[in-house]
Amino acid sequence: MIHMIPDSENKNVLDEAWLESVCEDLRPEEWRLLEKATSWALQTMGGQILATGEPALKHAAGVVRILSLLQVDATTMVSGLIAAMPTKQEAASEKNYKNEIINQFGLEVFNLVQGSRELVKIGLVARNAGTASQEGGNSGNQQEMLRKMLLAMATDLRIVLVRLASRLQTLRWFAETKKPCPEDISIETRDVYAPLANRLGIWQIKWEMEDLSFRFLEPEVYKDIAKKLESRRVERESLVAATVNEIRDSLQEMGIKADVAGRAKHIYSIYNKMRNKKLDFDQLYDLQALRIIVDTERDCYTALSLVHAKWTPVMDEYDDYIANPKPNGYRSLHTVVMGDDGRAFEVQIRTRQMHQFAEYGMAAHWRYKEAGVKGGQVSASSLYDRQVSWMRQLLSWRKEVGITEKEEKKALEENGVGQDGLERKKAELKKTGEQLEQMKEGERHERIYVLTPQARVIELAADSTPVDFAYHLHTDLGHRCRGAKVDGQMVALNTKLKTGQTVEIIAAKSGGPSRDWLNPQLGYLASPRARAKVRLWFNAIELQKRITSGQEQVEKELQRLGKTAVNQEQLAEKLGFARADDLYVAVAKDEFSLRSIASAFVEPTTETGTEDKIQVARQTETRQTGKGGVLVVGVDSLMTQLARCCRPAPPDEIVGFVTRGRGVSIHRQDCASFAVLKHKNPERVIDVAWGNTEDAVYPVNIAVHAQDRTGLLRDVSEAFSRLKLKVVGVNTQSKRSLAHMHFTIEIQNGDQLSRALQALLEIPGVMSASRC
């Protein structure tokens, strides 16, 4: 049976007939609770008008009627009734209102009402700021963020249901009274609330929201499509219901157990398909659609044969997604047939497992319906998708529980079902619901959604602070962050933000971050990305200090040599560095001896007398000439030296660069400094290779990062000692309980280096060990 939400012409208020209709499926104690809430509402809300102009009591009656058709519990209905009351502005009145609700109906109802009001407040802020799409740039992304935030703020699924019912009732009232609906409400409904209802599987609310918002936004187009439909919605639904019964009876006669459901396509969906696929109205085949769910794949094809036997198939519209699944794994049979009245309708056939995957798995209906041109290639694998999936399962579970309780008495009386069997079924349903609640709760708080002062929605990691928020907006804003306001109140920078809050950053004109922000115990940063930005800032400061220190030392050495007028960029190039800054850093880190600077001023001896042009004969033979067993192609007695910037060692791929007055500098091929030198002087590059390296040793640099502790340096030294490796240079620093150590060791080949790195990683507390 198809449950359709009544149209907006129902003018019932909180009378006896209304109460009986909404309490039809409730237990006696739930009936009494709703009756009590109704009496309270009549006394409290009588004569009050909402901001839209709708009477508060009429809105409350419509909300509860919609919720009753969703088969929610009495607590949710009471919450929807009370949430219709206009918000009081005075603090004293608000406090009295809170106490009254808790005393009359309990804390659970109050929390649901407050949750619903928070969603209303967020929607109002977003609408007043134009939904922030102008500032955010990407309107679609901001709508998605707003949907996520609304869902994240709803700590209980029932809050979302109350909010959806309230918005639908608002649209119905505008349609009923023929008053113009504000454009921002219609747009928000179409872009935020209808997709949210779609994702939760509440199809009736979704369809009606889309049709009503479309009616207000595009009245002429809406009327044109409505006229082209040969029958009204009720008639179309009746036709679908008759077809559903016919198929169900036929399958039952064939011994196939099947669930058959149908729907008539609503006007907005028709418009969307015409627009997206560029079709005329007469080209649409699925104005009516059926879905058949069976137990096995064999039953799928049997049901397909039955459908094709009863009605004439449109073969161009047949798709077998069971044999050929969609890229996202979706499987089903799709066909279009011509009915007895000459109208075409679509039929989807799938197993229960396929249906479960399509509805709750990564091929979820809303994913490929909202994906546009991407179609079925979009997968639903994010945390948000899983949360929506669990919410939909919870909604289905609650409906099943409601049906079980409703039919319990009938089953006992008519079907001879034992009480024990029903109790077991109810226990299974309860266990399923508890598991779903636990799964949802376990991942609910992994993301939060906050607002900028311009109402732009920002997604952050759980436990994020105003500092995380500032770095998310802009790195420079994060560096200059000095204070923050949350919902207009000054807060500490390590305050944990919550979904729905509005955050404003107070920034200095200049400056940088505090080192305290990197202390995990102080809780200033939750985002690894923000922490990395802070570290980069301090690394840049540290690098600049080293450059300044190294430059001072180089200049003093040049003064001692009487070479103060020398170009230091050219000097660095002669010494094998790409830039002067690299030379300064090497000097500051004691990786380069100042006394080696003097060698750059030694005049080379050349037979031709030309100093600026060094011609290297490219010959076929190679001779071993340099230090460390390096072979230089085609050159006799040419001095070689291993570059300090990359410290090559066998079996590294190496290349040579001819310097002025210091022979050939040997670099690793992946050396950044060599890349710069090659770009500046490609004619100075020369081929080199390793020769006999059995008796040679090569210095290499190793960087070790570890948790600082007593005895760490001793353990590292012992590791080198066990491998019989000579340490020729050590530089260690300790900051914030972390040790940063740089060693220069002598090795003969790459195997010794690999063993050394592996041994270092096995030391307790060592986080990384790598060559640098």
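## How strands pair

Two strands count as paired if DSSP finds at least two bridges between them. In this predicted model, strand β20 (residues 726-735) and strand β21 (residues 738-747) meet that condition, because they are joined in the antiparallel sense over 9 bridges. One position where the pairing can be followed is Val727, whose bridge partner in β21 is Ile745.

## The four-stranded sheet

β20 and β21 belong to an open sheet of 4 strands, which are arranged in the order β20-β21-β19-β22 with antiparallel pairing. Which strands form the edges of this sheet? They are β20 and β22, the latter covering 766-771, and each of these edge strands pairs on one side only. From one strand to the next, the twist of this sheet averages 15 degrees.

A nonpolar patch on the surface involves Val727, the residue already named as the partner of Ile745, together with Leu713 and Val730. The accessible area of Leu713, Val727 and Val730 together is about 230 Å², and Val730 is placed in strand β20.

## The three-stranded sheet

Another open sheet is made of 3 strands in the order β10-β9-β11, and here too the pairing is antiparallel. Its edge strands are β10 (489-491) and β11 (503-507), each of which pairs on one side only, and the twist averages 35 degrees from one strand to the next.

Strand β9 (residues 481-486) is joined to β10 by 3 bridges, with the two strands running antiparallel. Within this pairing, Val486 has Gln489 of β10 as its bridge partner, while Lys485 stands opposite Met490 of β10. β9 and β10 also form a hairpin with 2 residues between them, and Asp487 in the turn has a positive phi of about 55 degrees. With β11, strand β9 pairs over 5 bridges in the antiparallel sense, and Cys481 stands opposite Ala507 of β11.

## Nonpolar cores

In soluble globular proteins, nonpolar side chains tend to be buried together. In this model the largest nonpolar core has 57 residues, and the members that touch the most other members are Leu34, Leu67, Ile82, Leu164 and Ile205. Which helix gives the most to this core? That contribution comes from helix α9 (residues 157-177), which supplies 11 residues.

Apart from this largest core lies another one, of 33 residues, and its members include Val630, Ile666, Tyr698 and Leu760.

## Salt bridges across the sequence

Side chains of opposite charge can pair when their charged atoms come close. The structure holds 20 salt bridges, one of which links Lys310 and Glu246, with the closest N and O atoms 3.5 Å apart. Lys310 lies in helix α15 (residues 297-310) and Glu246 in helix α13 (residues 233-253), so this pair ties together parts that are 64 residues apart in sequence. Are these two residues buried, partly exposed or exposed? Lys310 is partly exposed because its relative accessible area is 31%, and Glu246 also counts as partly exposed, at 33% relative accessibility.

A salt bridge also brings together the side chains of Arg352 and Asp259, at 2.7 Å from N to O. Since Arg352 lies in helix α16 (residues 352-360) and Asp259 in strand β1 (residues 259-264), the pair ties together parts that are 93 residues apart in sequence. Both partners are partly exposed, with a relative accessible area of 30% for Arg352 and a relative accessibility of 41% for Asp259.

## Salt bridges between sequence neighbours

Asp715 forms a salt bridge with Arg714, and the closest N and O atoms of this pair are 3.3 Å apart. Why does Asp715 count as buried? Its relative accessibility is 17%, and residues are treated as buried under 20% relative accessible area. Elsewhere, Arg27, Glu29 and Glu30 are linked in a network of salt bridges.

Definitions and conventions. Residues are numbered from 1 along each chain as its sequence is written. This is a predicted model: local features need pLDDT of at least 70, side-chain atom pairs count only at pLDDT 80 or more; totals for chains, interfaces and linings use all residues. Side-chain values use heavy atoms; hydrogens and water are left out. A nonpolar core is a set of buried Ala, Val, Leu, Ile, Met, Phe, Trp, Tyr and Cys residues joined through side-chain atoms within 4.5 Å. Buried means under 20% relative accessible area, exposed over 50%, partly exposed in between (1.4 Å probe, protein chains only). Patches are made of residues with over 30% relative accessible area and no salt bridge: like charges are joined within 9 Å, nonpolar side chains (Val, Leu, Ile, Met, Phe, Trp, Tyr) within 5 Å. Accessible areas come from the Shrake-Rupley method with a 1.4 Å probe; for residues, only the protein chains shown count as cover. A salt bridge is a side-chain nitrogen of Lys or Arg within 4 Å of a carboxyl oxygen of Asp or Glu. Axes are lines fitted to C-alpha atoms, for helices over the stretch in contact, and angles run from 0 to 180 degrees between N-to-C directions.
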